[in-house]
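Colleague: I'd like to learn how to read a fold like this one, feature by feature. Could you walk me through it?

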Amino acid sequence: MLGSFSYHNATKLYFGADALQLAGEELQKYGKRVQLIYGGGSIKRNGIYDSVVSLLRENGKEIIEDSGVMPNPTADKLREGAKLARENGVDLLLAVGGGSCCDYAKAVSVSAYCNDDPWEKYFIRFEEPDCPIIPVGCVLTMAGTGSEMNAGSVITNHEQKLKIGHVFGSEVMPKFSVLNPEFTYSLPQYQMVAGIYDIFNHICEQYFSGEDDNTSDYLAEGLMKSLIHSSRIALKNPTDYEARSNIMWTATWALNTLISRGKTTDWMVHMLGQAVGAYTDATHGMTLAAVSLPYYRLILPCGVRKFRRFAENVWNVQTDGMSDEQAGAAGLEAMEAWMRELGLVMKLSDLGADASMLDGITEATIMLEGGYKKLTKEDVRTVLQNSL
Ligand code: NZQ
Ligand code: ZN
């Protein structure tokens, strides 16, 4: 049974090889001053920067540059970006990059006119914005987080060793996002597969919960099958437009709130991954890959029917004669084989984590209760230990 819910998605999408030009019409809706947000320079090397700057100029915009947004954007960078936006009175924050730039833009949007410290207000006290919010647009260059069509923003504080996400209201979602699959061609393979696993895990986080017959779970299975299929093609041929476009579209639908409607969700792999990220600053998708199998193997006995369904419907495992637990385990083996095929990082030690960090990472892991097993801190430690 689906529980009661409301559904509204505030982001307008422009998808396809000509998406950036088509999105030119959006720019007319906002004032002259655009804070152009980007990362470490990949957009200058692959030409996306030039295309975006030309479009902004054609539309009479004044550009305020905000570069150097790091993967896993920090609280310090957020404070700088908020100051820049406020001092320049910007009318639009345009993020050109992956989830880090888009998350950062959203955080800046609610921080520019906030009289409080944004880290403390939004990421420690989880308060809602009570100040003017600057509109955000996004030109996505990496498929993974779903940030282009959701209200999430994840910020890291290295001093406090915390990486925390805040899911804001729909007023913080990008007003528009440009999804051109060709913009992802230049991603290094490491980032491409990390993004693919991030997408897959977003779906798992919303799938491994609840017992009922739920349309959202059928949608989740379809998205997983499409992703697995396209990932194998993109791995062999990164410029296969069909595969890259399917991956990009799957990423958006995996985390724009659709497949969580009417059901509970888990998100403990992400809580573990974020805590690992706070200690190692590792690539987000890889932190998830490293902890996933130990986590799912731990919770398998508590959700055997869904794990059997996962094996049968997602991985086409022939489960005749198997108990639910055996079938579920076979599904996880199939998932593991695919993860190894992609070349994902399967151990925390390969991300720079070691035994001396386990207490701190355990402590930094936020505990959620929507999944099949209510974890104790001891369970968290066991998962981390088994992931080393
Ligand atoms: O710095 P640049 O030059 O942009 O390079 C980036 C970065 O080094 C590079 N890259 C991106 N597009 C490229 C490219 N390199 C070449 N060609 C391109 N087309 O890839 C690297 C990683 O980029 P990043 O934006 O950090 O990756 P991702 O999209 O995975 O974002 C990760 C951040 O999003 C958060 C994560 O925690 C992390 O902080 N998340 C946000 C979520 C949300 N808003 O809902 C949910 C996720 O679960 C996640 O937590
Ligand atoms: Zn994620």
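Colleague: What share of the 388 residues is buried?

Modeller: Buried residues come to 57% of the 388 in this predicted protein; buried means under 20% relative accessible area, exposed over 50% and partly exposed in between, with a 1.4 Å probe and protein chains only. Before going on: this is a predicted model, where local features need pLDDT of at least 70, side-chain atom pairs count only at pLDDT 80 or more, and totals for chains, interfaces and linings use all residues. Residues are numbered from 1 along each chain as its sequence is written, chains are lettered from A and ligands numbered from 1 in the order in which they are written, and side-chain values use heavy atoms, leaving out hydrogens and water.

Colleague: Which radius of gyration does the protein have, and what would a compact globule have?

Modeller: The protein has 20 Å, and with 388 residues a compact globule would be near 21 Å, so the two agree. The radius is taken over C-alpha atoms, and the globule rule is 2.2 Å times the number of residues to the power 0.38. The C-alpha trace spans about 65 × 40 × 40 Å along its principal axes.

Colleague: How many helices and strands are there?

Modeller: There are 16 helices and eight strands. These are DSSP runs numbered from the N terminus, helices being H or I with at least four residues and strands E with at least two.

Colleague: And how should I read the sheet?

Modeller: Strands of a sheet pair through backbone hydrogen bonds, either parallel or antiparallel. Here, six strands make an open sheet in the order 1-8-5-4-2-3, with parallel pairing; two strands pair if DSSP finds at least two bridges between them. Strand 1 (12–15) and strand 3 (62–66) are the edges, each pairing on one side only. Within the sheet, strand 5 (residues 136–140) and strand 8 (residues 176–179) share four bridges in the parallel sense, and cysteine 138 has serine 177 in strand 8 as its bridge partner.

Colleague: Which strands does helix 6 lie across?

Modeller: Helix 6 (residues 99–111) lies across strand 2 (33–38), strand 3, strand 4 (92–97) and strand 5, at about 165 degrees to strand 4. Contact means heavy atoms within 4.5 Å; axes are lines fitted to C-alpha atoms, for helices over the stretch in contact, and angles run from 0 to 180 degrees between N-to-C directions. Helix 10 (residues 241–254) touches strand 1, strand 5 and strand 8, and makes about 170 degrees with strand 1.

Colleague: How do I read aromatic pairs?

Modeller: A pair of aromatic rings is described by the distance of the centres and the angle of the planes. Rings of Phe, Tyr and Trp (its six-membered ring) pair if their centres lie within 6.5 Å; planes under 30 degrees apart are stacked, over 60 edge-to-face and the rest tilted. The whole structure has 20 aromatic pairs. In one of them, tyrosine 197 and phenylalanine 200 are tilted, at 6.1 Å centre to centre and 35 degrees between the planes.

Colleague: Why are tyrosine 197 and phenylalanine 200 separated by about one helical turn?

Modeller: Because they sit three residues apart in helix 8 (residues 189–207). Tyrosine 197 is buried at 0% relative accessible area, and phenylalanine 200 is buried at 0% too. Phenylalanine 208 and tyrosine 296 form another tilted pair, with centres 5.1 Å apart and planes at 45 degrees. Phenylalanine 208 lies in the loop between helix 8 and helix 9 (215–236) and tyrosine 296 in helix 12 (residues 284–299), so this pair ties together parts 88 residues apart in sequence.
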